[in-house]
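Here is a short briefing on enclosed space and one helix, written with a modeller's eye in mind. Please have a look at the structure first.

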Amino acid sequence: MQMQIKIQRWLFSLLIIGALFVGGCGSSPATNSTPTPNQPSGENISLSPSPSPAAVAASSQFSNLPRLEGKATVVMTVKGAPITIELDGTNAPITAGNFVDLVQKGVYDGLVFHRVVREPQPFVVQGGDPQGKDPKFPTARLGTGGFIDPKTSTERRIPLEIKAKGAANPTYSKTLEEAGVKEKPVLMHSRGAVAMARSQSPDSASSQFYFTLTDVPFLDGSYAVFGYVKQGMDVVDKIEAGDRIDKATVTQGLENFKAVQ
């Protein structure tokens, strides 16, 4: 009986990971679906007064990306109900900074949640594809788009960024397993986590994100969590595919945001 349960759980995990794979095309993060294992993205960044050589190198490499150096709060409204998200720029400065920047630009306002997985058990709610702002855009193609930076006319992609417990800096452009890191991430996929969807490539995340509906430990170390829902999980629990984000607003911590000049 126990063996049968283990096999069922293993098969479920495979199905979920497959559903999470961003099936993209062109330059978009392969159908950015909820989580997608195997995505590296950079080196290590340190915001301390005396950064390590690796941190300096990483900081230079990603200098064209916005950052959040500390905490910030975003209130996202769905069907008139607020979801309060606390972003952790201390442990995920680039990932959280990218999210704040897109919120500030109004990118998420009006976007649809195109993937909701609750069966055979609760998993994730995913949205953030800019193509979803157009109500005539084919539903079947949602999950393939990312944020097109007007300055470069190309899709902005951010590195996979995961900080392990006890580490001075995050690991970039690699899953913790690929990097040979055995410690667990500081930011785990517990219920209410907010993380970036990506394709099979580690550095393919752009604007698509997901909420976890339950603890999803098998995603830890492979996808970048950058915050948690602090209030409004009851709202997240009721989101259905096709529901839209009314508006997203940074309500606290904007002084910690460092935009790209």
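The notes below cover the cavities and then helix H3.

This is a predicted model, in which local features need pLDDT of at least 70, side-chain atom pairs count only at pLDDT 80 or more, and totals for chains, interfaces and linings use all residues. Residues are numbered from 1 along each chain as its sequence is written, and side-chain values use heavy atoms, without hydrogens and water.

**Cavities**
- Searching the whole structure gives two cavities of 30 Å³ or more; a cavity is a set of points on a 1 Å grid over the protein atoms alone where a 1.4 Å probe fits but cannot get out.
- The largest cavity has a volume of about 70 Å³, a volume being the space filled by probe spheres set on the points.
- It has 13 lining residues, and Ile 162, Lys 163, Pro 185, Leu 187 and Val 225 are the closest to its centre; lining residues have an atom within 4 Å of a point.
- The lining of the largest cavity comprises seven nonpolar, three polar and three charged residues.
- The second largest cavity holds about 40 Å³, and its lining includes Thr 95, Met 196 and Arg 198.

**Helix H3**
- Helix H3 (a DSSP run of H or I, at least four residues) covers residues 93-104, and its end C-alpha atoms are 16 Å apart, which agrees with the 16 Å expected for 12 residues at 1.5 Å a residue.
- In H3, 11 of the 12 residues are buried, meaning under 20% relative accessible area with a 1.4 Å probe, protein chains only.
- Among the buried residues of H3 are Thr 95, Phe 99 and Asp 101.
- Gly 106 follows H3 and has a positive phi, near 75°.

Notes
On a 1 Å grid over the protein atoms alone, a cavity is a set of points where a 1.4 Å probe fits but cannot get out, and a pocket is an open set with protein on both sides within 12 Å along at least five of seven lines; lining residues have an atom within 4 Å of a point. Ala, Val, Leu, Ile, Met, Phe, Trp, Tyr, Cys and Pro count as nonpolar, Asp, Glu, Lys and Arg as charged, and the others, Gly among them, as polar. Helices (H or I, at least four residues) and strands (E, at least two) are DSSP runs, numbered from the N terminus. The expected span of a helix is 1.5 Å times one less than its number of residues. Buried means under 20% relative accessible area, exposed over 50%, partly exposed in between (1.4 Å probe, protein chains only).
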